[in-house]
Amino acid sequence: FFFVFLDIMRFTLGGDAKRESIKRQQSLPHNLSSLEDSMERGRTLRAQSVTLMRGCGETLHRASGSMANSLTNLRQLTENSIVDDITLAETGARPFVYVCAFLSSMSSLLLGYECGVMAGAMGPIVDYMQLDVVEEGIIIGCVSIISVVGSLMAGRVADQLGRKMTIAIGSILFAAGALLSAAALDFWVLLIGRLITGVGVGFAFVIAPLYTSETSPSRYRGVLTSLTEFFIDCGILLGYLSNIVLANVSNEWRWMIGLGAAPAFIIMLSLLVMPESPRWLMMQGRTAEAEAALRLVYPEYEVSDTMAQIQSVIDIESKHGCDWTTILRPNKTLRLTMITGLGISFFQQATGNDAVVYYTDRILRDAGIVEQGPRL
């Protein structure tokens, strides 16, 4: 039975394999036909792709040729057009504008001198008047505090009396404060002199860039208004030099402070050659004087256009107005401008550079440099 079973299984399996082989042989032509169809479709797609790429290449070639022709036509049109016959006017400024910017920026020299000279004069003042730390801080800091009041007053005075008169008032206040401080015999007189000096400093710090910006052509305005910062540094340097030169003179601190009146008088004398601000003159309706002032600093061909621009700005300001409500409740544009301007001013002072300059003498003394000569 076992061998019979094996024969039956062999027959059965062999029959299945044979039948499967027959089926594969019968389906082979169909599979070959499907393969041939797939290959034919592949050849067709390849031919279509080649045709498409050839068409794209021809299109790009035609487009590049059209672009080249367009550029050639444009070049010929430009060469034959009237544009070549137009000559742009040369832009520039009269040399006198630099003189005006230089003289007006000298007002900021007063601020720098006051800051620099007190660095060397404060030590002898403390020794002479026997000031304590609080009184010393008041004498030094009162100028910075009261100069805010002077700055707020300067704008109103400049609109009412003119830019030149504001420069003169600031110089007179600074000279008066310097002379009174130099003649002080006690703390209170010195404090009053310093307060007057602070008002003058506030005037000078506002009017110098204002006058320069209103008399300078717009393309030079940024450079010329930066002279204000330059003269502040020059004033600090002059203050240091006066400290060194007058260190061995009797009552040296009086001479150091009193010499601050000299730059103020020089600034007042310079007003004799400086023109009034053209913008302020036009605000007052003095058009002829404004035109004469512009001819001193602007090229002849720009005078009429500049006057028209100034008048348009004045008309806009008179129509819309500007008061403290505009400042306290600004629109988005003005708010961003104020944040930028006030932020720069705040962080410039927040660094404490002025405080370091004022207290240089005390810092060096606490560092162990006892003698005044080496400290200076």
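1. A pocket is an open set of grid points with protein on both sides within 12 Å along at least five of seven lines. The model discussed here is predicted. Its second largest pocket has a volume of about 310 Å³. In that pocket, 17 residues form the lining, and those closest to the centre are R221, Y298, T306, Q309 and I310.

2. Which helix gives the largest share of this pocket's lining? The answer is α13, with 5 residues. Helices α6, α7 and α13 each supply at least two lining residues. On the chain, α7 covers 218-225 and α13 covers 303-320. The lining is mixed by class: 6 nonpolar, 5 polar and 6 charged residues.

3. Stay with α13 for a moment. M307 is found in this helix. Is M307 buried or exposed? Its relative accessibility is 12%. Buried means under 20%, so M307 counts as buried. Beyond its neighbours within four places in sequence, M307 is in contact with M282, T287, E291 and L294. P278 lies 29 residues from M307 along the chain, and their C-alpha atoms are separated by 8.5 Å.

4. Now the whole chain. How many helices and strands does the protein chain have? The count is 18 helices and 0 strands. The chain holds 376 residues, and 34% of them count as buried. Its accessible surface comes to about 23200 Å². Carbon and sulfur atoms account for 67% of that surface.

5. Contacts across the sequence deserve a point. Take the contacts in the protein chain with a separation of 6 or more. Residues 24 or more positions apart account for 79% of them. S104 offers a local view. This serine sits in helix α2, residues 96-105. Its relative accessible area is 0%, so S104 is buried. Not counting residues up to four places away in sequence, S104 touches A208, Y211, T212 and M274.

6. Next, the cavities. A cavity differs from a pocket in that the 1.4 Å probe fits but cannot get out. How many cavities of 30 Å³ or more does a search of the whole structure find? The search finds 3. About 70 Å³ of space lies in the largest cavity. The second largest cavity has a volume of about 60 Å³.

7. Look at the walls of the largest cavity. The lining includes Y113, E114, V117 and M118. Also among the lining residues are F174, A178, S181, R194, T197, I257 and G260. Helices α3 (107-129), α5 (163-182) and α6 (187-215) each supply at least two of the lining residues. Which helix gives the most? That is α3, with 4 residues. By class, the lining has 6 nonpolar, 3 polar and 2 charged residues.

8. The second largest cavity also draws on α3. Both α3 and α17 (360-366) supply at least two residues of its lining. M122, G123, V126 and E136 are among the lining residues. The others are Y358, Y359, D361, R362 and R365. What is the mix by class? There are 4 nonpolar, 1 polar and 4 charged residues.

9. Two helices are worth finding again in the structure. Helix α3 supplies at least two lining residues to the largest cavity and at least two to the second largest cavity. Helix α6 supplies at least two to the lining of the largest cavity and at least two to that of the second largest pocket.

Key:
Residues numbered from 1 in each chain as written. Predicted model: local features only at pLDDT ≥ 70, side-chain atom pairs only at ≥ 80, totals over all residues. Heavy atoms only, no water. 1 Å grid on protein atoms, 1.4 Å probe; cavity = no way out; pocket = protein on both sides within 12 Å on 5 of 7 lines; lining within 4 Å. Points joined across faces, edges and corners; volume = space filled by probe spheres on them. Nonpolar A, V, L, I, M, F, W, Y, C, P; charged D, E, K, R; others polar. Buried < 20%, exposed > 50% of the residue type's maximum accessible area, 1.4 Å probe, protein only. Contact = heavy atoms within 4.5 Å. Areas by Shrake-Rupley, 256 points an atom, 1.4 Å probe, with all protein chains shown as cover.
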